[in-house]
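I have a new structure open and a notebook beside it. I'm jotting down what I look up, one topic at a time.

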Amino acid sequence: MDRSELAQPFERMIAGLFPPGRVREGNGWDAERREIEASGFLDLLAGDDALAFDHAVPLFIVLGRHAAPLGIGREMIARGGLGDGAEAILLAAAIAGAGERVLEMAVAYANDRVQFGKPIGKQQAVQQNLALMAEHVVAVRLAAELAAADFPDGGAMKAAVAKATASELAPRIASAAHAVCGAMGIGMEHDLQLFTRRLHQWRAEAGSETLHSRALGIAVLADDRSAVDWVRAEVFREA
């Protein structure tokens, strides 16, 4: 099954259930549970016809793109009986999704906001911030996809790489977005803060970059191979 065949209807459902006004209210997803349950998405990773885990990453990205409750993804993982590392990959994918949305908002604002007769997006300093944000968002998404593609055989190490990468870059994405949007992004009435707050929250959940980087460092030091050879073998599965 093509990933877009799942991601597109899933995004339509999540966008309808969790518009920004609903996200501001919080209160989990109990009120929306019936519709999500009826959709069948919660059982995608369970049973004999379970979806490959890496095909769930686009769905986790959708949750991040709409700042939706990650309990939806956690329920998918629980029903699939997936082990250690799945939670970290879910969070990394959600950070990638929230980062995508934040980048879109920053680009739109940079094109709309005019100072001294031209959009601020024409300024080189603003363009640099946007370029770095795009680079970080892609890096997080690739790390999550790489870990999920080899899950669970990739074990805890690939999941640690994904979460360490996502947690390290999440605050950089948020800070760059606020630098571009200025005071507009800080105000509670602006949607940007819904996503940058999630980036900071998800950075710490299931372990920050410090925790996962330490675990990776311990694994490298306990191995006789060089750090480069260890990464090539354990992360990229090169012979």
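My entries below go from one helix to salt bridges and then to aromatic rings.

**Entry 1: before starting**

I remind myself that this is a predicted model.

**Entry 2: helix H11**

I started with H11, which runs over residues 209–221. I checked its length first. With 13 residues at 1.5 Å a residue, H11 should span 18 Å, and its end C-alpha atoms are indeed 18 Å apart, so the two agree.

Next I asked myself: which residues of H11 are buried? I found Glu209, His212, Leu216 and Val220. They cover an arc of only 80° around the axis, so they sit on the same side of H11. I then looked at the other side of H11, where Arg214, Ile218 and Leu221 are exposed.

**Entry 3: histidine 212**

I picked histidine 212 out of H11 for a closer look. Its relative accessibility is 10%, and the cut-off for buried is under 20%, so histidine 212 counts as buried.

What is histidine 212 in contact with, once I leave aside its neighbours within four places in sequence? I noted Ala160, Lys163, Ala164, Ala206 and Gly207. For alanine 206 I also wrote down a distance: its backbone oxygen lies 2.8 Å from a polar atom of the histidine 212 side chain.

**Entry 4: salt bridges**

How many salt bridges does a search of the whole structure find? I got 17. I followed up several of them.

I looked at arginine 24 and aspartate 191, whose side chains meet in a salt bridge at 3.1 Å, N to O. Arginine 24 is in helix H2 (residues 20–25), while aspartate 191 is in the loop between helix H9 (183–186) and helix H10 (192–204), so this pair ties together parts that are 167 residues apart in sequence. I noted both ends as partly exposed: arginine 24 has a relative accessible area of 37%, and aspartate 191 has 23%.

Then I turned to arginine 79 and aspartate 43, a salt bridge with its closest N and O atoms 3.0 Å apart. This pair also links distant parts of the chain, 36 residues apart: arginine 79 belongs to helix H5 (residues 71–79), and aspartate 43 to the loop between helix H3 (33–39) and helix H4 (57–65). Arginine 79 is partly exposed at 26% relative accessibility, and aspartate 43 is partly exposed at 38%.

Are aspartate 150 and lysine 158 buried or exposed? I had them down as a salt bridge, 3.1 Å from N to O, and both turn out to be buried.

I closed this entry with a network of salt bridges that links Glu11, Arg65, Glu100 and Glu104.

**Entry 5: aromatic rings**

I counted 3 aromatic pairs. In one of them, the rings of phenylalanine 10 and phenylalanine 41 have centres 4.8 Å apart and planes at 65°. Planes over 60 degrees apart count as edge-to-face, so I logged the pair that way.

Where do the two residues lie? I placed phenylalanine 10 in helix H1 (residues 3–17) and phenylalanine 41 in the loop between H3 and H4, so the pair ties together parts that are 31 residues apart in sequence. Both are buried: phenylalanine 10 has 0% relative accessibility, and phenylalanine 41 has a relative accessible area of 10%.

My last note is that Phe53, Phe60 and Phe151 form one aromatic cluster.

Key. Residues numbered from 1 in each chain as written. Predicted model: local features only at pLDDT ≥ 70, side-chain atom pairs only at ≥ 80, totals over all residues. Heavy atoms only, no water. Helix = DSSP H or I, 4+ residues; strand = E, 2+ residues; numbered from the N terminus. Buried < 20%, exposed > 50% of the residue type's maximum accessible area, 1.4 Å probe, protein only. Polar contact = N/O pair within 3.5 Å; in protein donor to acceptor, adjacent residues only side chain to side chain. Contact = heavy atoms within 4.5 Å. Salt bridge = Lys/Arg side-chain N within 4 Å of Asp/Glu carboxyl O. Expected span 1.5 Å × (residues − 1). Arc of directions from axis to C-beta. Phe/Tyr/Trp six-rings, centres within 6.5 Å; stacked < 30°, edge-to-face > 60°.
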